[in-house]
Amino acid sequence: MRPIEIKEIFDEEKNEKEVCFRGWVYRRRIIGEKIFLVIRDASGIVQVVVKDPELVKKVQPIQIEGSLAVKGIVHKDKRAPGGFEVEAKEIEIFDYGKPFPLRGREELDTIQKYRHLWIRSRWFSAVQKIKHSLVKNLREWYIKDGWYEVFPPILVGNACEETTTLFEVKYFDQKAYLSQSAQLYLEALIFSLGKVFSLTPSFRAEKSRTRRHLHEYWHFEIEAVWYTLEDLMKVVEESLKYAISKTIEERREDFELIKTKNGRNVEELKAAIEKPWKIITYREAIESLKKSGLNVEYGSDFGADEERTLTLQLDTPIFVVEYPRKLKAFYMLDKDENVVKNFDLLAPEGYGEIVGGSEREWRFEVLERKIKEWNLDKLKVKIGDEEIPAYQWYLDLRRFGSVPHSGMGLGIERLLMWVCKLEHIRDTLPFPRLREGWLYP
Ligand code: 4AD
Ligand code: MG
């Protein structure tokens, strides 16, 4: 008999029919002579009642997370989760299992020690399914809109963001870094492909320990020729609204599941999709922060506190544009002598930055000057016997047919954190990289 997935059991057609399925023990209870098992697989849970004395004896020693196959008859039963129950006729046990070390409500250290087992939880699986849909739908939007997916390197020789957050690795007899951003490589690709995107791991050796910083995260980045900042913001807003609304449709049950644990109620998310997203300048943001009583001046960078204050009362993301050039990277296009043509997209309810984007400095002389200003001209690489500046290739992009262009980077885990209303970014990933011991497992 062909085994089915658990979710397929919940169908009027299956009532009073025989089914066969496989899974793991999620809960078990002994009531009188009977054993009630709740079995889970990737698709859901179902209650199984074991009445036959021989089977009861066989099943008795199975532990939580023990694995088995069940053949039995489906009965409608209002008391069972989902309204159907399976009465077991045959059970094959693959592994009785050992006493499971996790029971729910563990300390963080215990969860970390057993994270490879903790990720089996239904709550975590729901978050991962939502992540799967978000990424799929984002990709889908860009592909439909004519963008090419490209595959930039992870081992790199140049910094894209602050050099202080680089992870250094040995590359034979050279120094290499783990990529902070694919941006510079995407910029090289737009001359032939026009509009490109990539999804890669990015690495940041940030010293700050916050609930929204990972040392390794998934970075969705786009870059396009001829795009202005306005074009870019439009694409960001449209693609995110599409991805979120389609994810809500596809993952109703998973949102239901996380809602019961203080997670997102999708009704709240709908506001974010239905309303237009406002644009404010950095200067306006500073004024509003001062009014809220924060100790900031024009020129202060925004950390978690500032972004939290700016967005706590909002129900949609906002674009903050025109940051002081000193706060932003060397590659951003100057709007004037003070500010750059950039935006940060801040998620509402205190979540803060989820996307950063800008028009790029595309004029050779200006970029060359900025690379000097940022002290990046001293970095050299060896090719054969020749030593050349590490950013020469990047400057070459402005030597041979340079054009105005723009791009952005979106942190998938930051997006997911807001979409699912999570407390901490660690639970957006099965094996997050954080400080102190978080390389295990
Ligand atoms: O603002 P960032 O540093 O911008 C760049 O890397 C650009 N080169 C991207 C580009 O234009 N192609 O990072 C972009 C996004 C942030 O908005 C944030 O969502 C996420 O990456 N991010 C992190 N997510 C988790 N943990 C961290 N430590 C992150 N640092 C950045
Ligand atoms: Mg940023």
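How close do the axes of α4 and α6 come, and at what angle do they cross? In this predicted model, the two axes come within 8 Å and cross at roughly 135°. Helices α4 and α6 are therefore oblique to each other, the angle of roughly 135° falling short of the bound of over 145 degrees that applies to a roughly antiparallel pair. The crossing of α4 past α6 is right-handed. On the side of α4, the contact is made by Ile130, Ser133, Leu134, Lys136, Asn137, Leu138, Glu140, Trp141, Tyr142 and Lys144, and these meet Val235, Val236, Glu238, Ser239, Leu240, Tyr242, Ala243, Ile244, Lys246, Thr247 and Glu250 of α6. Sorted by class, the residues in this contact are 11 nonpolar, 4 polar and 6 charged.

Helix α6, which spans residues 229-250, is also paired with helix α8, formed by residues 266-274. The axes of α6 and α8 come within 10 Å and cross at roughly 155°, which makes α6 roughly antiparallel to α8. The crossing of α6 and α8 is left-handed, whereas α4 passes α6 in a right-handed crossing. Lys241, Ile244, Ser245 and Ile248 represent α6 in this second contact, and Val266, Leu269, Ala272 and Ile273 represent α8. By class, 6 nonpolar, 1 polar and 1 charged residues take part in the contact of α6 with α8. Ile244 of α6 is listed in the contact with α4 and also in the contact with α8.

The chain that carries these helices has 441 residues, of which 51% count as buried. Its secondary structure comprises 13 helices and 18 strands, and its C-alpha atoms fill a box of roughly 85 × 55 × 40 Å when taken along the principal axes. Among the contacts with a separation of 6 or more, 67% are accounted for by residues 24 or more positions apart.

The largest nonpolar core holds 62 residues, and those with the most contacts inside it are Tyr142, Phe220, Phe343, Met408 and Trp418. Helix α4, residues 122-144, supplies the largest share of this core, namely 10 residues. A second, separate core has 24 residues, including Ile9, Ile39, Leu55 and Ile93. Within the largest core, Met408 may serve as an example: leaving aside residues up to four places away in sequence, Met408 touches Tyr142, Phe220, Glu221, Ile222, Leu232, Val236, Phe343, Val355, Gly356, Gly357 and Arg360. Of these partners of Met408, Tyr142 and Val236 also belong to the contact between α4 and α6.

Met408 is numbered within strand β18 (405-411), and the loop between α12 (392-396) and this strand contains Pro404. Pro404 counts as partly exposed, because its relative accessibility is 28%. Residues up to four places away in sequence being excluded, Pro404 touches Val225, Trp226, Tyr227 and Trp362. Pro404 and Tyr227 are 177 residues apart in sequence, yet 7.0 Å apart in space from C-alpha to C-alpha.

Val38, in strand β2 (residues 34-41), counts as buried because its relative accessibility is 7%. Again without residues up to four places away in sequence, Val38 touches Trp24, Val25, Tyr26, Arg27, Ile45, Val46 and Gln47. Val38 and Arg308, at a sequence distance of 270 residues, are 41 Å apart in space, C-alpha to C-alpha.

Several backbone features of the model were also examined. Most residues other than glycine have a negative phi, and most peptide bonds are trans. Glu16, in the segment before β1 (18-31), has a positive phi near 65°. Glu349 likewise has a positive phi, near 60°, and is found in the loop between β14 (342-347) and β15 (352-359). At 25% relative accessibility, Glu349 counts as partly exposed. A cis peptide bond, with omega of about -10°, joins Tyr440 and Pro441, and Pro441 lies in the segment after α13 (412-420).

Note on methods: Residues are numbered from 1 along each chain as its sequence is written. Chains are lettered from A and ligands numbered from 1 in the order in which they are written. This is a predicted model: local features need pLDDT of at least 70, side-chain atom pairs count only at pLDDT 80 or more; totals for chains, interfaces and linings use all residues. Side-chain values use heavy atoms; hydrogens and water are left out. A nonpolar core is a set of buried Ala, Val, Leu, Ile, Met, Phe, Trp, Tyr and Cys residues joined through side-chain atoms within 4.5 Å. Buried means under 20% relative accessible area, exposed over 50%, partly exposed in between (1.4 Å probe, protein chains only). Helices (H or I, at least four residues) and strands (E, at least two) are DSSP runs, numbered from the N terminus. Contact means heavy atoms within 4.5 Å. Axes are lines fitted to C-alpha atoms, for helices over the stretch in contact, and angles run from 0 to 180 degrees between N-to-C directions. Angles under 35 degrees count as roughly parallel, over 145 as roughly antiparallel, 65 to 115 as roughly perpendicular and the rest as oblique. A crossing is left-handed if the near helix is turned anticlockwise from the far one by less than a right angle, and right-handed if clockwise. Ala, Val, Leu, Ile, Met, Phe, Trp, Tyr, Cys and Pro count as nonpolar, Asp, Glu, Lys and Arg as charged, and the others, Gly among them, as polar.
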